[in-house]
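This report introduces a structure to a reader who has not met it before. The sequence and the model are shown first, and the description follows.

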Amino acid sequence: MFEKPARRADSFFTILYIDSGQPTARLGLAIAKKRVRRAVDRNRIKRIVRESFRHSQLTLAGKDIVVLARETTARTDNARLFLSLQQHWQGLSK
RNA sequence: GGAGUCGGCCAGGCAAUCGCUGGGAAAUGGGCUCGGAGUCAAUUUCGGCUAUUGAGUCGGGAAAAAUUGACUCCGAGCCCAUUUCCUGGAGGAAAGUCCGGGCUCCACAGGGCAGAGUGCCAGGUAACACCUGGGCGGCGUGAGUCGACGGAAAGUGCAGCAGAAAGUAUACCGCCUAAGUCCUUCGGGACCGGUAAGGGUGAAAUGGUGCGGUAAGAGCGCACCGCGUCGGUGGCAACACGCGACGGCGAUGGAAAACCCCACUCGGAGCAAGACCAAAUAGGGGAGCAAUGGCGCGGCCCGCGCUGCUCCCGGGUAGGUCGCUUGAGGUAUGCGGUGACGCAUAUCCCAGAUGAAUGAUUGUCCUCGACAGAACCCGGCUUAUCGGCCGACUCCAUCU
């Protein structure tokens with residue numbers, strides 16, 4: 001998965017993805033403690049990514065996706081993160 | 001009313017929609033086990049022959065029975081999956097991982113050394129470095145609060161600068177010139193000395209004040225205060241005392257957060273502890289089979305090299321299950337205790353994840369929401385923290 005993925009990024013997330021051939025989409029999370037210090041923030045980011053993925057998983061079928069957090073992610077509010085993820089999903093499904 | 005001290009509590013609310021996860025119930029599907037019924041098959045129960053026996057073999061099979069196996073149906077239990085409904089779902093610090101315990105595994109005859117920790121006294125506790133009450137000392141008008149708070153008379157060492165002198169104490173300025181010696185212009189001077197009252201230095205100079213005393217002085221003497229030793233009284237004790245006697249007090253300076261001494265305590269590792277189930281692959285052990293074997297070299301023999309197949313066993317990896325939340329548990333009430341806390345009765349079940357749940361969005365209200373996320377479980381300490389509420393108490397001001 002980490003060997004030859006396609007990659008896209010903005011200031012909040014880095015996203016790696018490949019076509020797996022599976023019927024459903026699969027999500028991996030890599031929220032590094034180095035990037036996001038507080039456990040509260042790590043939990044929040046994971047919840048938001050999972051929630052957003054859940055809403056869009058039908059359009060993402062057949063892809064394996066890994067989401068990586070960046071240093072700025074912990075300081076950003078939920079609405080902004082949802083918007084960023086939504087844009088990523090749309091870019092992926094084209 | 002203002003200022004403050006201590007203790008306790010809360011940690012945005014409500015609604016709708018969409019999710020995650022633990023538990024319970026129901027339905028559907030699947031698997032396993034047990035019981036009942038049915039169908040089918042085999043064997044036996046029949047007869048003959050052989051044979052010492054065990055048994056073998058041949059024949060017959062209409063009906064019935066027994067046993068075993070397979071399948072079908074029904075019922076019950078358990079497990080798994082899906083769906084629906086009900087219900088629970090982060091903290092006061094969940095944090096730092098700094099102490100103390102439970103639990104688990106390992107080690108262990110007893111004693112000592114080393115090492116680590118604790119350090120006024122008594123109590124609480126499973127235990128503690130925690131808590132409660134008390135003592136002593138510092139701070140505060142006070143409510144209160146803070147304290148590494150055993151020993152420097154076992155020993156080794158330490159103390160910059162200043163200062164004469166810093167532990168075997170000492171004599172720079174100053175004060176004195178009585179006794180002794182010498183000189184003298186008879187005023188005194190020098191030597192030998194005496195002294196620690198005054199000055200100055202320092203964080204600290206070895207009791208303080210007063211009187212006597214003296215050449216000047218000095219616990220040199222006395223009184224009071226302080227200090228020490230012994231005793232008395234009160235207190236479980238730490239300790240206290242307007243108590244008694246004795247000691248002139250250079251006894252006994254500081255620092256133990258330099259080493260050290262004394263008393264007491266302490267085995268190690270941690271839930272990735274530990275227990276159980278257990279695939280594939282490789283390897284190990286055993287049994288059976290094949291060993292005139294199979295493959296390669298070769299035309300063939302001899303020879304040389306390589307090598308099995310089946311089953312079982314244990315170790316062990318991935319993975320899974322348990323440990324895993326009912327506990328030194330919470331809440332009431334009563335009793336004992338100044339209190340920490342203990343006892344009794346009643347009642348409640350209050351997160352249990354494992355790529356790791358406990359949430360998202362929208363609306364609305366207000367006082368506009370801080371610090372922050374469980375990971376085996378408890379008791380503490382420490383640190384972070386928007387604000388709000390309640391209770392007890394102190395000081396100041398004012399009114400009656």
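## The nonpolar core

In this predicted model, the largest nonpolar core has 13 residues. Those with the most contacts inside this core are F13, I15, I65 and V67. Two or more residues each come from strand 2 (13–19), helix 1, strand 4 and helix 2. In soluble globular proteins, nonpolar side chains tend to be buried together.

V67 illustrates how such contacts reach across the chain. When its neighbours within four places in sequence are left aside, V67 is in contact with F13, I15, L29 and V49.

## Strand 4 and its partners

Strand 4 comprises residues 63–69, and its side chains alternate between two faces. K63, I65, V67 and A69 point to one face and are buried. D64, V66 and L68 point to the other face and are not buried. Such alternation between the two faces of the sheet is what a regular strand shows.

Strand 4 pairs with strand 2 in the antiparallel sense over seven bridges, and Y17 stands opposite I65 of strand 4. With strand 3, the pairing of strand 4 is parallel and runs over five bridges. Here the bridge partner of L29 is V67, while A30 stands opposite L68.

## The β-α-β unit and its loop

Strand 3 (26–30) and helix 1 (39–56) are joined by a loop that contains K33. Together, strand 3, helix 1 and strand 4 make a β-α-β unit, which is left-handed.

Is K33, within that loop, buried or exposed? K33 counts as exposed because it has 9 C-beta neighbours inside 10 Å, and a residue with 12 or fewer is classed in this way. K33 and A69 are 36 residues apart in sequence, and their C-alpha atoms are 9.7 Å apart in space. A69 itself is one of the buried residues of strand 4.

## The surface near RNA strand B

RNA strand B is surrounded by 13 residues, of which the closest are R38, A39, N43, R47 and N78. By class, this surface has five nonpolar, three polar and five charged residues.

Which element gives the most to the surface near RNA strand B? Helix 1 does, with seven residues. Strand 3, helix 1 and helix 2 (78–93) each supply at least two residues of this surface. Helix 1 and helix 2 are also among the elements that give two or more residues to the largest nonpolar core.

Terms used. Residues numbered from 1 in each chain as written. Chains lettered and ligands numbered in written order. Predicted model: local features only at pLDDT ≥ 70, side-chain atom pairs only at ≥ 80, totals over all residues. Helix = DSSP H or I, 4+ residues; strand = E, 2+ residues; numbered from the N terminus. Buried ≥ 20, exposed ≤ 12 C-beta atoms within 10 Å, placed from the backbone. Near = placed C-beta within 6 Å. Nonpolar A, V, L, I, M, F, W, Y, C, P; charged D, E, K, R; others polar. Pairing = 2+ DSSP bridges. Right-handed = clockwise from strand over helix to strand, strands pointing away. Core = buried A, V, L, I, M, F, W, Y, C linked by C-beta atoms within 7 Å. Contact = placed C-beta atoms within 7 Å.
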